[in-house]
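The exercises that follow are meant to be worked through with the sequence and the 3D structure open side by side. Please attempt each task before reading its solution.

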Amino acid sequence: MSGTWRTKFLWIILVGFIFAIPLVAGSYVISVMCFIAMFGGLAVGMGLLLEQAGIFSLAHPTWFGLGAYVSGGLAVRGIAPPWLGSIIGAVFVGLVSYVIGAPLLRLKGYYLACATFGLLIIVEISLAQLGSLTGGHEGLMGIPPFSVGNFVLETDRHYYYLSWALCLACLWFLYNLMGSRMGRAVKSFSDSEVAASSMGVNVPRLKLKVFILTAMMASLIGSVYTFYLRFTQPGIFGFPLLVELVTMVIIGGGKTLYGPLLGAFVVMWLRELIHMYLGGLLPRTSAEVDAIFFGLLIIVILIFMPGGLAGWIDRFVYGGRRVRGRPQS
Amino acid sequence: MSFFSQVVQYTLSGLTAGSIYAVIGICWSLVYLITKVLNFTTGEFVMLGGMLTWGFHSAGFGLLPSLLLAVACAILIAIILERVAIRPVRYPSEMTYMMITVAAASVIKGVVLLVWGSETRTIEPFFGTEVIHLFGATMTSQVLCVFGLLVIVTVGLSLFLNRTLFGKALRASSINLTGASLMGINISRFRLLCFGLAGSLAGITGIVITPITFTGYSIGMLTGLKGLVAAIVGGWTMTGTTAAALILGLLEGICAGFVSAGLKDVLALLVMILFLIVRTMKFASRLGRDAR
Amino acid sequence: MEGGGSVADPRADVLLDVHGLSKHFGGIRAMSGVTFSIPKGSIISMIGPNGAGKSTFINVVSGIHLPDGGEVRFQGEDIAGLPAHAVAARGIGRTFQLEELFGSLSVLENVMVGCYTRGRSGMLVCGFSLPFTVREEKRIRDEAMECLAMVGLEARAHDPISRLPLGERKLVGIARALGMKPRLLMLDEPAGGLAAHEVEKLIRLIHLLVERGLTPFIVEHNMPFVMSLSRWIIVLDEGRKIAEGSPEEVRTNEDVIKAYLGEEI
């Protein structure tokens, strides 16, 4: 059972590392790590859908955004405190993803990608257009901070622990899930739906369950995001975020669960470095300019290191004996 | 404007947009059918056509030379794209290609932003700014250029694919890639050709539409997406794509005129989603379990 | 053994009863009016030239395709038109002509997917790693190892599928189908591509499974294999049943000989 002891050991190292950082690092580093937890959590869910389950849904940023808007909107109007708003947001997203997923998940690979991409754009545009409800292009402002009872989360450090707690909780849950009977069923239908259903797996129902699960996780992360930033805008939840998440999944490697989180770490710090050192050279820095570097990086990785960083690490550490990736057909 | 004139106006603008979507949709189909690559840079090539023409023009070249240079650059970029990003892929899958082209589109968009900034640009209409009147609605001569482009492209491609040996070989490859390569057809070169052709067509489309709708670093995505919608709904055939695109353009025109301009982009995407859902529902009841 | 009748052994319980089963794909009639029964404990084979409708038959019974007409009764229950996972849950297992193994999973994990119906943990239980699911996981793992042992591949349990040669892949497919402890096991061309000694091993395995109470149903091309294994053979040609009987009867049947057009039986 050396495999499980090694895994437990790695978990402890990871949690310890995460726990220790705010004790030694400054506000800037803590803030970046907050975003890594949030976007990393999103990327992990997306990587699971895309690479392990074979569900090519590009709608992940939408769930993130809806969670942010619902919980933020409820809190800003004083209807529900942040913790309750977050739960309501997750339930709302669960329902929406159920209604949308049921018909859409029957679509073949790239058609599903196109349809969910369309959904992404539709929601982004709609959020901007429904001014009275959502604050239009400028979004919602003045969202109160997260609070539990009398304890209000104010500092970066508070949100650091909150966002990492959520991220690691999701990661832990997904690890258990993918190592279990359900996880095997998910991986099986991504290889062969016909064989999986012949073994008793209710494929359409399971696809929907995984879809809803990851959507609700994204929604919770969106809630933490909006209470951290105290505002939210439709532009955050559209195409640029999608590209960023996909970059994290590809760079980190989607076949493992931790890969996209590692990818998030790399991407966010890389972006900080680019801004710090090249910011002066380039006439402007913005998401689109960052996209140049990340686009090139994606192309390079997809061509030369298709398994991403995690794939490379796995081969290095486990010597190729662990089963990863599919045989080429 | 009388109601009738309004209808004519919106119809005209809708058909204009529809013609553009049709040619773009054909670009998508061309690449997809033969190479199985969903080329998400198609929209960016539309943008590049207009931007490059403006770039060369404002650098001092005449309108026609700028146009030709822009198309030449578009072809060059398409070739680079295929050689650098598509060909070297070792484990090709549709999703991988899709992600690569999305990444390449981001790169192109970012570079354009860096080089030329974020303002919208335009170029002069080809045949002057004369305005034509039709039942109380107005249209510029450029609109006729757009329609002309659609006709030239559909007729030209049709002839090329059906009458020439090369075109037939291209169609053969789209049906059976392995068989085609066994017959001595150079798949790699065909793919290059398709990318180049689609890139140049998209670029020309962008040039033709720029005097009407202007151009900017960010217009590529939505425009390209609408072309994709037309191709999907049209079943990837030329007639289907054209029909779907024109209808889509018409719907958009009417929506923008009578409902809300902001929501018209949503319309195209809704159409695509509904179409895909209805399509699977029709299949899923009986054939879904048969289409193994 | 009654000769020339439509039922192999009328005294045994009927496990699968197929009546007038039809399936067409567009204009092609893949299967028309197929009727026969599979009694418990028998080893019945279905043979026929290429395109006769043998794989279609398995696909329709196992729920991959919807039948266009006819009845399918399993242990008395009407299962025609049920989706594949429901058919599997009722105790019908199957293998695939092209194996259809799960490339992302190891050999053992493939068989554990076969044991899917033997477990009950849902998403939440698995995600929170409750003690119930941990116990169940261990039980499933043990059961899967047993199935692997039955086909003789315990040593390959943790290997990736891509490393296995064809013969072993076929065996993994069988082990996987055994995972659900099926009553009826439909084997789609199990001997295809196997060497002679592997075919012998397969025959011994099938006899072992019958001893354990399982009813195999074999769709095959390989004549010596079929003739030596089965007491009762169904012959399909162009979607229709053209003959049914013992190996000797089938071998000398004129329609069968014509269908195979000079092929050595």
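## Exercise 1: Chain C as a whole

In chain C, residues 24 or more positions apart account for 68% of the contacts with a separation of 6 or more, two residues being in contact if their C-beta atoms, placed from the backbone, lie within 7 Å. The structure is a predicted model, in which local features need pLDDT of at least 70 and side-chain atom pairs count only at pLDDT 80 or more, while totals for chains, interfaces and linings use all residues. Residues are numbered from 1 along each chain as its sequence is written, and chains are lettered from A and ligands numbered from 1 in the order in which they are written.

Task: describe the secondary structure, the dimensions and the burial of chain C.

Solution. Step one is to list the elements: chain C has ten helices and ten strands, where helices (H or I, at least four residues) and strands (E, at least two) are DSSP runs numbered from the N terminus. Step two is the radius of gyration, taken over C-alpha atoms and set against the globule rule of 2.2 Å times the number of residues to the power 0.38. For chain C the radius is 19 Å, close to the 18 Å that the rule gives for 265 residues, so the chain is as compact as a globular protein of that length. Step three is the box, which for the C-alpha atoms of chain C is roughly 60 × 40 × 40 Å along the principal axes. Step four is burial, for which a residue is buried if 20 or more other C-beta atoms lie within 10 Å of its own, exposed if 12 or fewer, and partly exposed in between, with C-beta atoms placed from the backbone; buried residues make up 47% of the 265 residues in chain C.

## Exercise 2: Domains and the partner chain

Task: state which domains are assigned in chain C, and which elements of chain C touch chain A.

Solution. The domain assignment, which is automatic or taken from a database, gives domain 1 (1-91 + 184-265) and domain 2 (103-181) of chain C. Their C-alpha centres lie 27 Å apart. Across the boundary, nine residues of domain 1 of chain C are in contact with eight residues of domain 2 of chain C, and the elements that give two or more residues to the domain 1 side are helix 2 (84-89) and helix 7 (196-211) of chain C.

Turning to the partner chain, the contact takes 36 residues from chain C and 27 residues from chain A. On the side of chain C, the elements that give two or more residues are helix 2, helix 3 (107-114), helix 4 (123-127) and helix 5 (131-150) of chain C. By class, this side has 18 nonpolar, 13 polar and five charged residues, with Ala, Val, Leu, Ile, Met, Phe, Trp, Tyr, Cys and Pro counted as nonpolar, Asp, Glu, Lys and Arg as charged, and the others, Gly among them, as polar.

## Exercise 3: A helix pair in chain A

Task: work out how helix 4 and helix 10 of chain A pack, and which classes of residue make their contact.

Solution. Chain A comes to 14 helices and two strands, and 54% of its 329 residues count as buried. Within chain A, helix 4 (residues 82-104) and helix 10 (residues 203-229) pack at an angle of about 145 degrees, with their axes 8 Å apart; axes are lines fitted to C-alpha atoms, for helices over the stretch in contact, and angles run from 0 to 180 degrees between N-to-C directions. Among the residues that make the contact are A:Gly85, A:Gly89 and A:Gly101 of helix 4 of chain A, and A:Phe211, A:Met216 and A:Phe227 of helix 10 of chain A. The residues of this contact divide into twelve nonpolar, eight polar and no charged.

## Exercise 4: Two positive phi values

Task: locate A:Arg230 and C:Lys181, and decide whether each is buried, partly exposed or exposed.

Solution. Most residues other than glycine have a negative phi. A:Arg230, however, has a positive phi of about 65 degrees although it is not a glycine, and this residue lies in the loop between helix 10 and helix 11 (239-252) of chain A. With 16 C-beta neighbours inside 10 Å, A:Arg230 counts as partly exposed. Phi of C:Lys181 is near 50 degrees, again a positive value in a residue other than glycine, and C:Lys181 lies in the loop between helix 6 (166-178) and strand 7 (184-188) of chain C. C:Lys181 is partly exposed, because 16 other C-beta atoms lie within 10 Å.
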